[in-house]
Amino acid sequence: MPSCEPVTDGGPRNGWRQPLDGRAWREARRERLSGLLDHEGLESVWFADPDTFAWTTGGSNVVDRRAAVGVAAVGFDGEWTVVTNDVESGRLREEELPEEITVESYEWHAGSLAEAVAERAATPAGADFDVPGAVRVDASPLRLRLADRDVARYRDLGTDAAAAVEAACRAAEPPDTEREVAARVETELADRGVEPSVVLVGGEDRAGRYRHYTPTDATLGGYMLVSVTARRDGLYASVTRTVAFEPPTWLEGRHEAAATVEATALAATWAYAQRDGTAAAVFDAVRDAYTALGYRGEWREHHQGGATGYAGREWFATPTNEVSLTLPTAYAWNPTVQGAKSEGTALVTVDGVSFLTDGDWPTVEVSAVGFDATFERPAVLHR
């Protein structure tokens, strides 16, 4: 399988960043949004979902991280307009948005974001949130194929997410609780300007019993799994690391099996994307790999992952999901074998597979089942 070389970019990292260059941002988005308008028969489309807002503008509309709708909406009708309340307009204009975007505001006490958009939208209009008179649109298909600027930001995010998780893992000790480790992970992420979306920490007892080991006061014991999905600039990076203190004898074998299934998923993604394959085809390869490795039916215990990018998962692979594979796109496959997991975020292009979250960690070489491909995947770190 061909490999793809890393794409480098001079953009800032580890903290506050400048808005996207206007020219690069316009070229990366205009064609796709114009195509959406034509396909749906719309005059304008509006996005307030934080991840799609970030994809469209390069900036953030988040104040309350729990909210499904941000404090601003971006509209496109051939040109871009952001609508927000008068509390947020100055900050967004100065710190979050390219100069080319017009920012319009309404008095915070005089109405809602949806009403302000409805007053300004060229009709017929579409939106990804409830706007009077607008039809609902799904932006996920627009976001899947990553532009060069997306990839540059993604590489920075992957590097920082892996470094944060690995730093917390190397500081952990067997008497620590899962919650203490999770707190360290979140601190390490925050120090790098990254937000946690999912932080799972499982010690020896709970990682062996549950696939989603939400942190508790249980101590780590003989080993731990740390699984994180981290967000910055609307992009998501998923990474899992395994640390062994006095591990069970089966850990190495199960971890290598999970890594082999992940390698199979990546190889299948690249191969099938060349011939208009689907998520279901990759899932079939994953299921076959489990069987070949002696873990028939293990796929039933947890989802296997799928496409990522401007969502934790844009879609999940299932036996019946016929969504088309796209390139260049980020994928995060996360197979498990009871008590073990292998997970990372990779960019898959026509040239091959490039890992975004490998970090500074020992690796194990694994070969895909049924494909001529070998990858170095994160191994168990023995402490």
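Visitor: Before we look around, what is a salt bridge?

Guide: A salt bridge is a side-chain nitrogen of Lys or Arg within 4 Å of a carboxyl oxygen of Asp or Glu. Keep in mind that this is a predicted model.

Visitor: Okay, so which residues are linked in a network of salt bridges?

Guide: That would be Asp-51, Arg-65, Glu-195 and Arg-231.

Visitor: How far apart are the closest N and O atoms of Glu-195 and Arg-65?

Guide: They are 3.9 Å apart, and the two residues form a salt bridge. Glu-195 belongs to strand β7, residues 195-203, while Arg-65 sits in the loop between α2 (50-57) and β2 (72-76), so this pair ties together parts that are 130 residues apart in sequence.

Visitor: And Arg-65, buried or exposed?

Guide: Arg-65 counts as exposed, because its relative accessibility is 62%. Glu-195 has 24%, so it counts as partly exposed.

Visitor: What does Arg-66 pair with?

Guide: The side chain of Arg-66 meets that of Asp-64 in a salt bridge, with 3.3 Å from N to O. Arg-66 is exposed, at 77% relative accessibility, and Asp-64 is partly exposed, with a relative accessible area of 37%.

Visitor: How many salt bridges turn up in the whole structure?

Guide: A search finds 28. One of the pairs is Arg-29 with Asp-150, where the closest N and O atoms are 2.7 Å apart.

Visitor: Where do Arg-29 and Asp-150 lie?

Guide: Arg-29 is in helix α1 (residues 22-40) and Asp-150 is in helix α6, so the salt bridge ties together parts 121 residues apart in sequence. Both Arg-29 and Asp-150 are buried.

Visitor: Let's stay with α6 for a bit. At what angle do the axes of α6 and α7 cross?

Guide: Roughly 145°, and the axes come within 8 Å of each other. Helix α6 covers residues 148-171 and helix α7 covers residues 178-191. The crossing is right-handed.

Visitor: Which residues make that contact?

Guide: From α6 there are Ala-161, Ala-164, Ala-167, Ala-168 and Ala-171. On the α7 side you'll find Val-181, Arg-184, Val-185, Glu-188 and Leu-189. Sorted by type, the residues of this contact are eight nonpolar, two charged and no polar.

Visitor: New topic: where is Ala-48?

Guide: Ala-48 is in the loop between β1 (44-47) and α2. Its relative accessible area is 0%, so Ala-48 is buried.

Visitor: What is Ala-48 in contact with, leaving aside its neighbours within four places in sequence?

Guide: Its partners include Asn-61, Val-69, Leu-113, Asp-128 and Phe-129. As for Val-337, 289 residues away along the chain, its C-alpha atom is separated from that of Ala-48 by 38 Å.

Visitor: And Glu-88, what's the place of that one?

Guide: Glu-88 is in the loop between β3 (80-85) and α3 (89-96). With 12% relative accessibility, Glu-88 counts as buried. Setting aside neighbours within four places in sequence, Glu-88 is in contact with Val-63 and Val-71. Glu-88 and Val-137 are 49 residues apart in sequence, and their C-alpha atoms are 25 Å apart in space.

Visitor: Last thing: what pLDDT does the chain average?

Guide: The average is 93, and 93% of the residues score at least 70. Over residues 4-18, though, the pLDDT is below 50. That stretch has 32 contacts in the model beyond near neighbours in sequence.

Notes: Residues are numbered from 1 along each chain as its sequence is written. This is a predicted model: local features need pLDDT of at least 70, side-chain atom pairs count only at pLDDT 80 or more; totals for chains, interfaces and linings use all residues. Side-chain values use heavy atoms; hydrogens and water are left out. Axes are lines fitted to C-alpha atoms, for helices over the stretch in contact, and angles run from 0 to 180 degrees between N-to-C directions. Helices (H or I, at least four residues) and strands (E, at least two) are DSSP runs, numbered from the N terminus. A crossing is left-handed if the near helix is turned anticlockwise from the far one by less than a right angle, and right-handed if clockwise. Contact means heavy atoms within 4.5 Å. Ala, Val, Leu, Ile, Met, Phe, Trp, Tyr, Cys and Pro count as nonpolar, Asp, Glu, Lys and Arg as charged, and the others, Gly among them, as polar. Buried means under 20% relative accessible area, exposed over 50%, partly exposed in between (1.4 Å probe, protein chains only). pLDDT is the predictor's confidence in each residue, from 0 to 100.
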